[in-house]
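Here are my notes on this one, point by point. Have the structure open while you read.

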Amino acid sequence: CNHSNSRCDDAGVCRCDPGWEGEQCERCVPMPGCRHGYCQQPWQCNCQAGWGGRFCDKDLSVCVEKQPCRHGATCVMEDGGDYACVCPEGFYGRNCERRAGPCHQRRPPCKNGGRCEDADGFAAELTCRCLAGFTGRRCEADVDDCLMAPCANGATCLDGVNRFSCVCPPGFSGRFCTVNLDDCVSRPCLNGGRCIDRAGGFRCICQPGFTGTTCQ
């Protein structure tokens, strides 16, 4: 047994100290999660050539071999083992793959949540993809949802953003004011008169000797 890293029990078996392993406790245990590294003392993660990061899991050769940065950008390795691209003027993105085209402005050109598209900056002009309820070259206009006159029976249409609401006249209900309310439910006809429901109103058929709108 390696007496500096273990002890030998009565059966002649090496019992390793924490951080050591092997038949004679001759090997140190690297840091858990260490991928491309080795140890000289327990729990170390000394990186092999070409690897970096706390767990030696960052490929330091990425700038040279993979050359991820585009359009003449400079690739630099960061302390954590990751890479970063220093983009030339007019380009941006993780790998400087996007050009600062028509969409790349200080203020978003598309209004009301519209999505700007310019082929990653290479289009001559931008295109705005509007959210539902908006229209116009820059999505600046609210679509009038009342243009198609969706409310029936003389109801008033109130325009909203990608929606509308109907203010129904007396005697009607429902989203489009198409439901005729039963005006006879309240029994408006007096003195035994018979009520007949009509669109937006009612008619009373009075008993002999009575007259008036409600046979009063």
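1. A word on labels before we start: strands here are DSSP runs of E at least two residues long, numbered from the N terminus. With that in hand, Asn 5 is placed in the segment before strand E1 (6–8). Keep in mind that you're looking at a predicted model.

2. Let's stay with Asn 5 for a moment. Is Asn 5 buried or exposed? Asn 5 counts as buried, at 8% relative accessibility, because the cut-off for buried is under 20%. Setting aside neighbours within four places in sequence, Asn 5 has contacts with Cys 16, Asp 17, Trp 20 and Cys 25.

3. Ser 6 belongs to strand E1 and is buried too, with a relative accessible area of 7%. If you leave out residues up to four places away in sequence, Ser 6 touches Cys 1, Arg 15, Cys 16, Asp 17, Gln 24 and Cys 25. Cys 16, Asp 17 and Cys 25 also turn up in the contacts of Asn 5.

4. Now zoom out. The chain is split into domain 1 (1–50), domain 2 (63–99), domain 3 (102–143), domain 4 (145–181) and domain 5 (184–215). The C-alpha centres of domain 3 and domain 5 are 61 Å apart. For another ruler across the model, take Asn 5 and Asp 183: they are 178 residues apart in sequence, and C-alpha to C-alpha they are 97 Å apart in space.

5. On to the cysteines. A disulfide is a covalent bond between the sulfur atoms of two cysteines. How many disulfides does the model have? The count comes to 17, taking sulfur pairs within 2.5 Å. I've picked three of them for the next points.

6. One of them joins Cys 47 and Cys 56, with the sulfur atoms 2.1 Å apart. This link is left-handed, with -95° about the S-S bond. The two ends sit in different surroundings: Cys 47 is partly exposed, at a relative accessible area of 27%, whereas Cys 56 is buried, at 0%.

7. Another pairs Cys 110 with Cys 128, the sulfur atoms being 2.0 Å apart. The torsion about the S-S bond is about -85°, so the Cys 110 and Cys 128 disulfide is left-handed. This pair ties together distant parts of the chain, 18 residues apart: Cys 110 is in the loop between strand E12 (98–99) and strand E13 (115–117), and Cys 128 is in strand E14 (residues 127–129). Cys 110 counts as buried at 8% relative accessibility, and Cys 128 counts as buried at 12%.

8. The third is Cys 168 with Cys 177, where the sulfur atoms lie 2.0 Å apart. It is a left-handed link, with -90° about the S-S bond. Cys 168 counts as partly exposed at 25% relative accessibility, while Cys 177 is buried, with a relative accessible area of 0%.

9. What about Cys 8? The closest cysteine sulfur is in Cys 1, and at 4.3 Å from the sulfur of Cys 8 that is too far for a bond, because the cut-off for a disulfide is 2.5 Å. Cys 8 is partly exposed, at a relative accessible area of 43%.

10. Next, a hairpin. Strands E17 (residues 156–159) and E18 (residues 164–167) run antiparallel and are joined by four bridges. Thr 156 in this pairing stands opposite Val 167 in E18. The hairpin has four residues between the strands, and Asn 162 takes a positive phi near 60° there.

11. How many aromatic pairs does a search of the whole structure find? The search finds one. The rings in question are those of Phe 164 and Phe 176: with centres 5.9 Å apart and planes at 40°, the pair is tilted. The two are twelve residues apart and link distant parts of the chain, with Phe 164 in strand E18 and Phe 176 in the loop between strand E19 (172–173) and strand E20 (179–180). Phe 164 counts as buried at 16% relative accessibility, whereas Phe 176 counts as partly exposed at 32%.

12. Last one, a charge and a ring. The charged end of Arg 94 sits over the ring of Tyr 83, 4.1 Å from the ring centre.

Notes. Residues numbered from 1 in each chain as written. Predicted model: local features only at pLDDT ≥ 70, side-chain atom pairs only at ≥ 80, totals over all residues. Heavy atoms only, no water. Domains from an automatic or database assignment. Pairing = 2+ DSSP bridges. Buried < 20%, exposed > 50% of the residue type's maximum accessible area, 1.4 Å probe, protein only. Phe/Tyr/Trp six-rings, centres within 6.5 Å; stacked < 30°, edge-to-face > 60°. Lys NZ or Arg CZ within 6 Å of the ring centre and 35° of its normal. Contact = heavy atoms within 4.5 Å.
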